[in-house]
Every structure is written in structure tokens, then in C-alpha cells.
Amino acid sequence: MSDEDILFEVLESHLDTGMRGIPVGTCGTSFVDPIDGVHYAGYPIADLADIDPEDAAFLLFNKKMPDENESKNWKENLAERATIPADSLAIFDAIGEGQGHPMDWLSMGIMSLARAENEDDVAADAMNLIAWMPELMARLFMSRGGRGSLSNPSNPSLGMAGNFVSMLGMEGENAVRAERILRSFLVLHMDHGGGNLSTFAGKAVASSRSSLFASIASAMNALSGPLHGRANQSCLEFVQKVGTSDSTEVEAFVRGELAAKRPIFGFGHAVLRAEDPRATVQMKIGEEVCPDDPLFATVRTLRDVAPRVLGENPKISNPNANVDLVSGTLLYNAGFRKPEYYTTFFGWARVIGISAQIVDERNARGGKGVPIYRPKYIARDQPVRRL
Ligand code: NMX
Ligand code: MLT
């Protein structure tokens, strides 16, 4: 690509559209095809749904699938880093129980880890943060929920999903199902190109050479909104509110929500123009692990009915299911009964993809890093005046 290649002509009609479709940079971790969905370093997401989350992280950082040896070394490297520094834990534990959204806790937890920043080694900070996430998540669940400390000490050899489930004290069949659902959840949610809001926000903050922790905490704050990551919480609440799997009743419910100007959660996307393959994969997992669950039955009917109803509105660019339609129902079935925590799982997964993208941007231009983000805004209704 030469400097002269015209990639996109910016028209006035593109302004104030949330930069929809306007190219601003390059991304080496993943790309999103409007029809075939996200690909991690070229691999379609559906092909990756069953790999170890640690291997998916390796793929995003190294742009290749690890061989057996690389996978083993990578996992050992993460395990060696897994002990959260005591100073950071003391800050996190001091937040106390109860109040505030779990995403705010996640953001505060990540900021508390900034005490252990390695100045000028963003790649080491990224590895540390990824290694600390399972315990940070488990502590968030236990202490915010007023359940005291971890049920079992951290054991990184169980893998990130298995370790988390064990720290929460889940056992037997429940633990097996929770780990299975969580492993694929983490892989499916790690990355979604360079321009989704949380990734973009995290990279913008990182471009000022802020710490990895400050950048990722900013990304988590962006993810916490209901039009972005918090849609998985809203979607489960929405599915619970539907309360039926009867097609006629579901259709009436969807029409009622639209008439009341409320979003139909789990449908639509800024970039995708077909059903999100991550939704398709999760539907298959649901058919495997909880086909008779009444919530899953509602999701099944919604998937049939809502695209047709939403498709009647020509303004809606994509009436099909997005990643959030099914994920909440699967997490519920995995034993996580409080929807307000669901976005923290999304955040945990995104920490990995966004960190990989920040490391890439710091390595750009021969190690100088990308310049500080500074898009142009056109002045409106501001004639020059004098006092
Ligand atoms: N329910 C109701 N209205 C919708 C929906 C929906 N599912 N999808 C799009 N629209 C509306 C949208 O609000 C916009 O209205 P207006 O012009 O009045 O602002 C209009 O249709 C055109 O929107 P699009 O260009 O199709 O979509 P856009 O890129 O603006 O928004 C979402 C994308 C994802 C924010 C939107 O589809 C939505 O709000 N979906 C429901 C919430 C949801 O499931 N979010 C999860 C997204 C996945 N994620 O991880 O971020
Ligand atoms: C997603 O995972 O779907 C996103 O983060 C939303 C987007 O791509 O804009």
C-alpha cells in the first residue's frame, strides 16, 4: 500500500456516525468479515471454538497457532507469573462487598495491578495481566458477592478457565460444565478487529504511552455500556423477561419492545451483515449442553422470530443474532446466576485481544510505536467571535 492509495473518501455524510466504516489503522490480530465474522490471524472463529484459551491468546500475540512445545512453554510462562502482588490485592480487597457494577470493580481491579507495572515493557505487563486475570476475576466474584476469600487457592496448572472455576469452589458435573462453557466463551470473545469501541478506546489511551493497566481499564469502561459488552447482561435479562418460547407470544413481545423504543438485545451489529458465527457456535453448544432449558428455548424462538420483525425496518442494517444472544443463557446454565457479572467474562476475554493489539501498536514504526491518536473534528456552529 503506498501513501497515495485512496482507501476511503470521507464525505460530510460520514461525520457524526461514530466513524462507521472509516479506516484509521491496521490490525494484525484479527479481521471481521461482514458475512463470515471474525478471524483470528486468518482462522475463522468457528474453527477455534474448542481450542485452549491459552492457545488462542498465543495465536493473537504471535499470529500463528502454537505447536506442542510452544503451547507448553506459553502456558508455563503464564503459570509462573500467576501470583498477584500482595500490594495490589490489598487495594482490591479494600473495595469491600456489594456496591457498584462488577465492570467498575474489574476496572478498579486492573488499576490496582498498575502498582506492579514494568515501566517500558508493555509486553511483560500484558503477560502479567493475562496471568493475573483468573484470580482477579475469582476474587471479584467472591468478595463483591460477600462470599469472603477464594474457596480454593489459585492453581494455574488447571488452565485459566479451570483455575477460575476451582477458585469459586465449583465441583463435579457443575464444574465440568462451567469450565466447558467458559473455555469457549473466552476464545469466542477475545478479539473483534481493531475498531470495536473497547479496543479502540484502549488503544487510543495507550497511544499517549499510558500504562497497559490504565489503557485496559479504559477499555473495560468502554465495554461496560449496554450497547457494547453489557448487552450480554441486558440480553439475559431480556430473555428472562420474554418468559415464553411460543412464537406468537415472542413476536408480540418483540413488537411491543420496538414500539416502546427499546432495543432488541442480541440482534444487530455495527459491522456484521449476517448472523454472527459466534452466535451460531454458541447455539450449537446450547443444543449440546442445555437443549431443554426454558431460557434456551426462548433464545431459539427469538433467533427465528426477531430477524424477520427487525428486518421490516429498513434502517436496521443487520437484523440477525449477534454474539450476545446466547452467551448469557449459556453462562446461566453454567451456574453463573447473576447476569450483572456477565460482562466481566467478556472483559476478561477482551483483556487478551486488546493487550495483543496494544503491544503491536507499541512495536509499530520500528519500536517507536504509533503516534498519539488525534482524529480531526469539523467545527460546527462556531463562528469566530470577540469579547
Ligand atoms: N433493536 C432495536 N433497534 C435497533 C437494533 C436492535 N437490535 N439494531 C439496530 N437498531 C436501530 C439502531 O438503534 C439505529 O437507530 P437510530 O437510527 O434511531 O439510532 C438504527 O437501527 C440503525 O442501526 P444500525 O446502523 O443497524 O446499527 P448500529 O451500528 O447503529 O448499532 C448496535 C449496532 C449493536 C449498537 C445495535 O444493533 C443495537 O443496539 N443492538 C442491540 C444491543 C446489542 O445487542 N448490542 C450488542 C452488540 C455486540 N457487542 O458486543 O458490542
Ligand atoms: C463484538 O465483539 O461484536 C464487538 O466488540 C462489537 C464490534 O465489533 O463493534
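## Exercises on two ligand sites and one loop residue

In this predicted model, a polar backbone atom of Leu227 stands 3.4 Å from a nitrogen atom of ligand 1. Residues are numbered from 1 along each chain as its sequence is written, while chains are lettered from A and ligands numbered from 1 in the order in which they are written. Local features need pLDDT of at least 70 and side-chain atom pairs pLDDT 80 or more, whereas totals for chains, interfaces and linings use all residues; side-chain values use heavy atoms, with hydrogens and water left out.

**Exercise 1.** Describe the surroundings of ligand 1 and state what share of its area the protein buries.

*Solution.*
Step 1. Ligand 1 has 19 residues around it (a heavy atom within 4 Å), and those that come nearest are Arg20, Ile264, Phe267, Ser317 and Asn322.
Step 2. Sorting this shell by class gives 10 nonpolar, six polar and three charged residues (Ala, Val, Leu, Ile, Met, Phe, Trp, Tyr, Cys and Pro are nonpolar; Asp, Glu, Lys and Arg charged; the others, Gly among them, polar).
Step 3. Oxygen atoms of ligand 1 take part in polar contacts (N or O pairs within 3.5 Å): one is 3.1 Å from a side-chain N or O atom of Lys315, and a backbone N or O atom of Ser317 is 2.7 Å from an oxygen of the ligand.
Step 4. Alone, ligand 1 exposes 880 Å², of which the protein buries 72% (Shrake-Rupley method, 1.4 Å probe).

**Exercise 2.** Which residues surround ligand 2, and how many of them are nonpolar, polar and charged?

*Solution.*
Step 1. The shell of ligand 2 consists of His192, Asn196, His228, His269, Arg278 and Arg350.
Step 2. This shell contains four polar and two charged residues, and no nonpolar residue.
Step 3. Side chains from the shell approach oxygen atoms of ligand 2: an N or O atom of His192 at 2.7 Å, a polar atom of His269 at 2.7 Å and a polar atom of Arg278 at 2.8 Å.
Step 4. On its own, ligand 2 has 270 Å² of accessible area, and the protein covers 86% of it.

**Exercise 3.** Locate Thr244 and decide whether this residue is buried or exposed.

*Solution.*
Step 1. Thr244 belongs to the loop that joins α11 (231-242) to α12 (247-259) (helices are DSSP runs of H or I, at least four residues).
Step 2. Its relative accessible area is 15%, so Thr244 is buried (under 20%, 1.4 Å probe, protein chains only).
Step 3. The Thr244 side chain reaches the backbone nitrogen of Asp246 at 2.9 Å.
Step 4. Beyond neighbours within four places in sequence, Thr244 is in contact (heavy atoms within 4.5 Å) with Glu249, Val250 and Thr298.

Key: A polar contact is a pair of N or O atoms within 3.5 Å; within protein, one must be able to donate a hydrogen and the other to accept it, and residues adjacent in sequence count only if both atoms are side-chain atoms. Helices (H or I, at least four residues) and strands (E, at least two) are DSSP runs, numbered from the N terminus. Buried means under 20% relative accessible area, exposed over 50%, partly exposed in between (1.4 Å probe, protein chains only).
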